[in-house]
Amino acid sequence: MSYLVQIRNLRKYFPVLGGVLRRSVANVKAVDGVSIDVLKGECFGLVGESGCGKTTLGKTILRLYKPSMGHIFFGVPGDVVNEINALENSNPKSRRLRRLREQYDISTYRGRDLLLLRRKMQIVYQDPTTSLDPRMLVKDIIAEPLVAQGIAKGEEAKKMVLEILNRVGLSDQAMYRFPHEFSGGQRQRVAIARALVSRPDFVILDEPTSAVDVSVRAQLLNLFTDLQKEYGLTYMFISHDLSIVECISHRVAIMYLGKIVEYSLTEEIFKKPLHPYSQALIASVPVPDPTQRKERPPLTGEVPSPVNPPAGCRFHPRCPLAMNICKQKEPQLVDAGNQHYVACFAVNPEKN
Amino acid sequence: MSLATVVEVKDLKVNFYTYAGVVEALDGVNVSLREGEILGLVGETGSGKSVTSLSVMMLVPPPGRIEGGAIYVQNDSGREDVLLMNDASLRSMRGKDIAMIFQEPRAYLNPVYTVEDQISEVILVHRKPEFLKNALEVLKKKRRGGTVEASNYRRMLRNPRSLGVRFIQKFSSKKTLKNEVRKEVTKVLKSVEIPDPERVCRMYPHELSGGMAQRVLIAMALACNPKVLIADEPTTNLDVTVQAQILTLVRLLKRDFKSSILYITHDLGVVAQLCDRVAVMYAGNVVETADVFEIFGSPFHPYTRALLESIPNPEKGFKSIPGIVPGLINPISGCRFRDRCSYAMEICQKVKPPFLEVKKDHFAACYLYGGSQ
Amino acid sequence: MNVRSRFEEFKVSMRPRVKEWKFMFLRIRKNTLALAGLVIILCFAAIGMLAPILAPVPPDSLDAFKIPKDTEINVLTPNPTPPTLRHIFGTTDQQYDLYYACIWGTLTAFRTGLTVVGISLIVGLLIGTLAAYYGGMLDEVLMRFTDIIIAFPGLILAMALVIAFPAKIPINMSMLFVVIFALVSFLLLALGFSKKLLLVIQGLLMLSLLSIFYYPLILDLNLTRLDKVLIAITLVGWPGYTRVIRGEVLRVKNEDYIEASKASGSTDFGTIFKHIWPNTVYPILIVATLDIGSIVLSAAALSFLGIGAEPDYADWGQIIQRSRAWMSRPEQLIGNMHTFLIPGLFITSFVMGWNLLGDALRDVLDPTLRRR
């Protein structure tokens with residue numbers, strides 16, 4: 001059981017430019033202090049509503065954005081991890097820690113290191129129509145990572161493309177077609193093939209089934225599970241669809257306005273959600289059973305803007321359990337037992 | 001049938017004439033919306049649910065054409081066939097008797113007009129005489145009944161289509177009328193539970209969040225108190241918590257405004273939470289129609305059953321329906337679901353099953369339940 | 001991997017593109033105006049290519065583009081003569097053969113249109129793409145520079161260049177190289193990539209600096225007046241393309257597949273070549289075809305004003321300019337109609353052909369209408 005990805009205090013701010021000289025007047029705090037670990041071989045679900053920063057988090061891990069602050073450790077061997085953890089607690093300013101970080105912290109990688117990293121981490125986008133170049137043949141689309149990273153080209157690349165195409169369930173003829181000749185589900189399979197052709201270790205799935213039909217969704221999700229077992233992949237499954245996340249993920253984290261408010265094993269979270277936001281979120285999912293109807297919506301109001309998040313706990317304006325302390329201090333993630341971490345003063349009064 | 005049907009679609013056939021061929025989008029669709037109920041129209045992409053709703057308003061875009069059937073709508077002058085209406089009656093029907101809300105709210109709001117401008121446009125198109133009279137009343141109360149403005153209003157009331165009046169409309173100040181309409185707009189925005197309606201009135205669509213924009217769209221649809229509301233997947237693009245709020249709002253509309261709502265969706269959870277009756281569509285046909293408890297409790301058609309089984313379940317994993325939706329150009333003969341149906345029989349390949357009442361008020365189109373004479 | 005299987009592979013990979021092209025040609029065929037435009041341009045191209053056969057160059061002529069004077073008949077009369085068997089279109093004053101001028105004028109027109117548009121397109125593509133893709137300060141600087149160029153009045157610049165520049169220009173190539181390499185290295189520094197390339201460019205820069213002092217490379221350019229006009233129009237013409245391309249690249253830049261290409265590990269230039277340019281270049285092609293017509297028209301206008309090609313150069317505008325003197329009285333006008341009508345007809349149909357073709361391309365390449 002080793003950790004593949006370890007994120008420490010990751011922040012990503014987007015500047016809001018204003019004024020005559022287009023200076024940065026404010027920051028959209030898309031990801032504001034996230035620290036999680038993803039185990040090798042698991043499917044880590046990341047849940048939240050629009051604007052909570054889950055997509056930004058995924059793309060920042062992938063280094064499609066440069067993190068504003070924080071560290072991302074990818075594929076670090078176990079003993080080094082322990083050393084880093086120990087040094088962080090004991091001597092945060094040591095040179096050894098800095099050198100270790102330089103070596104393993106991918107948030108500072110550039111050039112060739114970054115290119116080698118791309119081989120190991122990939123992403124599948126939400127909308128297969130816009131994530132595939134409409135003027136390229138499927139063969140070229142899938143072969144692009146191979147060519148760009150220098151893994152293979154020409155005939156050898158074609159062989160690898162064929163292999164991965166067949167694995168995702170498309171025929172050989174699909175190679176010589178344009179994306180618009182396929183249906184949505186097939187296009188998403190092409191996107192999956194493109195992500196997997198360079199045999200990555202870590203794949204970020206950014207709402208891969210939202211733009212696809214309901215009947216195709218199940219096929220794609222089964223494909224994901226099969227591929228994970230066969231290639232030993234680690235997934236980060238970003239979604240706002242809780243029912244799918246419940247079925248496919250091993251562990252789930254819930255994000256609100258740039259911060260993780262709760263994370264645990266899947267059954268734990270869905271059976272016993274502790275954070276008020278998690279409870280409201282899970283209660284809002286419409287249950288396909290007409291005998292169980294709810295009259296009032298579990299959560300009122302709207303998500304505040306990430307430019308100016310509320311002080312203290314970000315959820316306090318909409319929280320039914322808000323107390324005075326929630327308006328002043330930000331709750332940290334604390335262990336509530338059974339690998340269940342929550343950031344809420346109302347849940348863990350003694351620990352905060 | 002004790003409840004009157006407000007909209008009845010009978011045997012509707014719609015074809016799309018494209019470069020690639022003739023797409024038989026709807027092939028004899030039968031849907032009936034009863035008074036005061038929420039009917040859920042469920043189906044995947046390509047099943048024809050959006051085309052059905054657009055046909056009711058005669059808004060099917062070219063190269064689509066309605067080729068057969070009838071759509072009966074209950075309006076002031078009784079039961080009329082929409083397909084035979086002339087342009088003027090259609091225009092007066094749209095927005096007033098039947099209103100529609102769509103999936104992506106910000107795409108259906110004009111980005112260069114404020115919320116107030118857009119809702120007042122809807123109000124003025126259909127309810128202008130009423131507001132002109134109100135404006136005149138207000139002016140009379142303020143003892144300005146003899147001014148130019150008041151006489152303009154009187155002229156607009158008397159002869160709305162004359163050239164002189166239309167000129168006046170463009171260039172005169174209609175402050176009182178605008179104020180009256182603004183009051184109504186605020187009232188409508190309050191009824192869809194928008195906080196601080198006066199501020200929202202002045203906002204532009206890009207300043208609104210998804211949930212707010214959808215409420216504004218619903219407000220626009222309700223501005224003229226329509227009897228029928230058609231909602232084409234209004235919550236698909238919204239977050240789950242906002243969706244819960246909108247669903248509550250829709251239930252409120254049914255209760256307070258007594259509207260009949262045709263709610264199109266592909267999410268069975270929403271259907272279970274919201275709808276009174278459900279119609280399931282597949283590849284251009286309605287395959288089953290029943291009360292919501294019936295559909296979830298004892299579904300008849302194999303497609304309905306497969307849909308219910310494909311709902312993700314943590315214990316059972318994902319069960320998908322094998323195969324893909326058939327193409328609608330040169331559609332296959334007989335029942336269009338037969339290639340994916342585990343109960344397909346020989347007769348299913350030859351003739352399309354008729355839409356029969358299998359149980360009380362529970363219709364299905366499948367040879368498993370008869371119809372194969 | 002033998003040749004045959006590689007060819008097979010090529011054929012198969014081209015099949016979907018061929019299908020797209022077939023679809024495109026079907027649409028052109030259905031649109032009569034578009035077809036007319038295409039036919040007109042093809043006719044002109046044929047005339048241009050067959051010019052040495054259709055209007056043979058006189059054996060004692062130094063330059064094919066100089067219109068031959070008929071010195072045999074009517075040496076004393078400078079008047080234009082109407083069409084006869086000897087001179088199919090007639091002659092203009094000083095007995096210049098109209099037929100020869102019009103045929104070789106086709107070649108001049110093509111050269112004018114294609115070089116100006118071609119160079120403007122290349123420059124505009126480079127600058128526009130760089131500005132839009134990298135954004136920020138580079139975008140501002142490049143766009144303000146473009147704005148400055150737009151401020152120049154094109155025709156007046158052409159006049160100035162024609163009058164002020166001598167025909168023979170010795171260009172100090174070393175200086176030119178120094179300037180170019182300096183600019184390129186600055187650009188590379190600003191973009192911050194490919195240090196090896198930067199070193200190479202710096203080396204070349206040093207070499208050219210040295211050569212200025214020790215062995216200056218001088219190139220003697222012989223510019224005809226028409227060349228100067230073309231240079232002037234090109235100098236002021238490229239900003240138009242820059243703005244269009246910048247707009248298109250900005251639109252495409254935020255699409256998912258560009259980010260996916262970056263996630264696959266492509267370099268910036270890889271992404272630009274493979275993804276951005278194929279998706280943005282079509283609207284520019286449409287603008288370019290329409291521009292060819294208008295540029296030929298501008299060049300003809302300049303020639304008509306007397307500041308275009310040399311007096312006996314085979315250019316349509318030039319020929320019409322010669323007929324100016326013979327239009328003052330009505331009977332003169334009617335008698336000498338052929339001197340301006342015939343070349344005028346050539347110009348009109350050439351420009352119209354390109355316009356129709358441009359419209360046709362727009363209809364055909366519009367992706368929203370393509371698959372209805």
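## Close-up views of a predicted model

**View 1. A:Val47 and the residues around this position.** A:Val47 counts as buried because 28 C-beta neighbours lie inside 10 Å, where 20 or more are needed for a residue to be called buried. The model shown in this and the following views is a predicted one. A:Val47 belongs to strand β4 of chain A, and, once its neighbours within four places in sequence are left aside, its contacts are A:Ser239, A:His240, A:Leu242, A:Val245, A:Val252, A:Ile254 and A:Met255. One of these partners, A:Met255, is 208 residues away from A:Val47 along the chain, yet the C-alpha atoms of the two residues are separated by 6.1 Å.

**View 2. Strand β8 of chain A and the strands paired with β8(A).** Strand β8 of chain A, which runs over residues 234–239, is mostly covered, since 6 of its 6 residues are buried. In a regular strand the side chains alternate between the two faces of the sheet. In β8(A), A:Thr234, A:Met236 and A:Ile238 point one way, while A:Tyr235, A:Phe237 and A:Ser239 point the other way, and all of them are buried. Strand β4 (residues 43–47) of chain A pairs with β8(A) in the parallel sense over 5 bridges, and within this pairing A:Leu46 has A:Ile238 as its bridge partner. β7(A) also pairs with β8(A) in the parallel sense, over 5 bridges, and here the bridge partner of A:Val203 is A:Tyr235. Following the chain from β7(A) through helix α9 (residues 214–231) of chain A to β8(A), the reader traces a right-handed β-α-β unit.

**View 3. Confidence along chain A.** The mean pLDDT of chain A is 86, and 97% of the residues of this chain reach 70 or more. Within chain A, the confidence is highest in strand β7 (residues 202–206), at a mean of 94, and lowest in helix α2 (residues 78–90), at a mean of 77.

**View 4. Helix α6 of chain A and what covers this helix.** α6(A) is mostly covered, with 8 of its 11 residues buried. The buried residues of α6(A) are A:Val138, A:Ile141, A:Ile142, A:Ala143, A:Glu144, A:Pro145, A:Leu146 and A:Ala148. Their cover includes elements from two chains, namely α7 (155–167) and α8 (184–196) of chain A together with α10 (256–263) and α11 (268–305) of chain C. Just after α6(A), A:Gly150 takes a positive phi of about 75°.

**View 5. The sides of chain A that touch chain C and chain B.** Where chain A meets chain C, 22 residues of chain A are in contact with 20 residues of chain C. On the side of chain A that touches chain C, at least two residues each are supplied by α4 (111–120), β6 (121–124), α5 (128–131) and α6 (138–148) of chain A, and α6(A) gives the most, with 3 residues. Where chain A meets chain B, 31 residues of chain A are in contact with 30 residues of chain B. To the side that touches chain B, α9, α10 (242–248) and α12 (276–284) of chain A each supply at least two residues, and α9(A) gives the most, with 6 residues.

**View 6. The domains of chain A and chain C.** The domain assignment of chain A gives domain 1 (3–249) and domain 2 (261–286 + 312–352), and the centres of these two domains, taken over C-alpha atoms, are separated by 27 Å. Between them, 6 residues of domain 1 of chain A are in contact with 6 residues of domain 2 of chain A, and α10(A) gives the most to the domain 1 side of this contact, with 3 residues. For chain C, the domain assignment gives domain 1 (1–27), domain 2 (31–164 + 223–370) and domain 3 (168–222), and the C-alpha centres of domain 2 and domain 3 of chain C lie 31 Å apart.

**View 7. An open sheet in chain B.** In chain B, 8 strands form an open sheet of mixed pairing, in the order β6-β7-β8-β3-β9-β10-β12-β11. The edge strands of chain B are β6 (98–101) and β11 (356–359), each of which pairs on one side only, and neighbouring strands of this sheet are turned by 25° against each other on average, direction ignored. At one edge, β11(B) pairs with strand β12 (residues 362–364) of chain B in the antiparallel sense over 3 bridges, and B:Glu357 stands opposite B:Phe363 in β12(B).

Methods:
Residues numbered from 1 in each chain as written. Chains lettered and ligands numbered in written order. Predicted model: local features only at pLDDT ≥ 70, side-chain atom pairs only at ≥ 80, totals over all residues. Domains from an automatic or database assignment. pLDDT = per-residue confidence, 0-100. Helix = DSSP H or I, 4+ residues; strand = E, 2+ residues; numbered from the N terminus. Pairing = 2+ DSSP bridges. Axes fitted to C-alpha atoms, helices over the stretch in contact; angles between N-to-C directions. Buried ≥ 20, exposed ≤ 12 C-beta atoms within 10 Å, placed from the backbone. Right-handed = clockwise from strand over helix to strand, strands pointing away. Contact = placed C-beta atoms within 7 Å.
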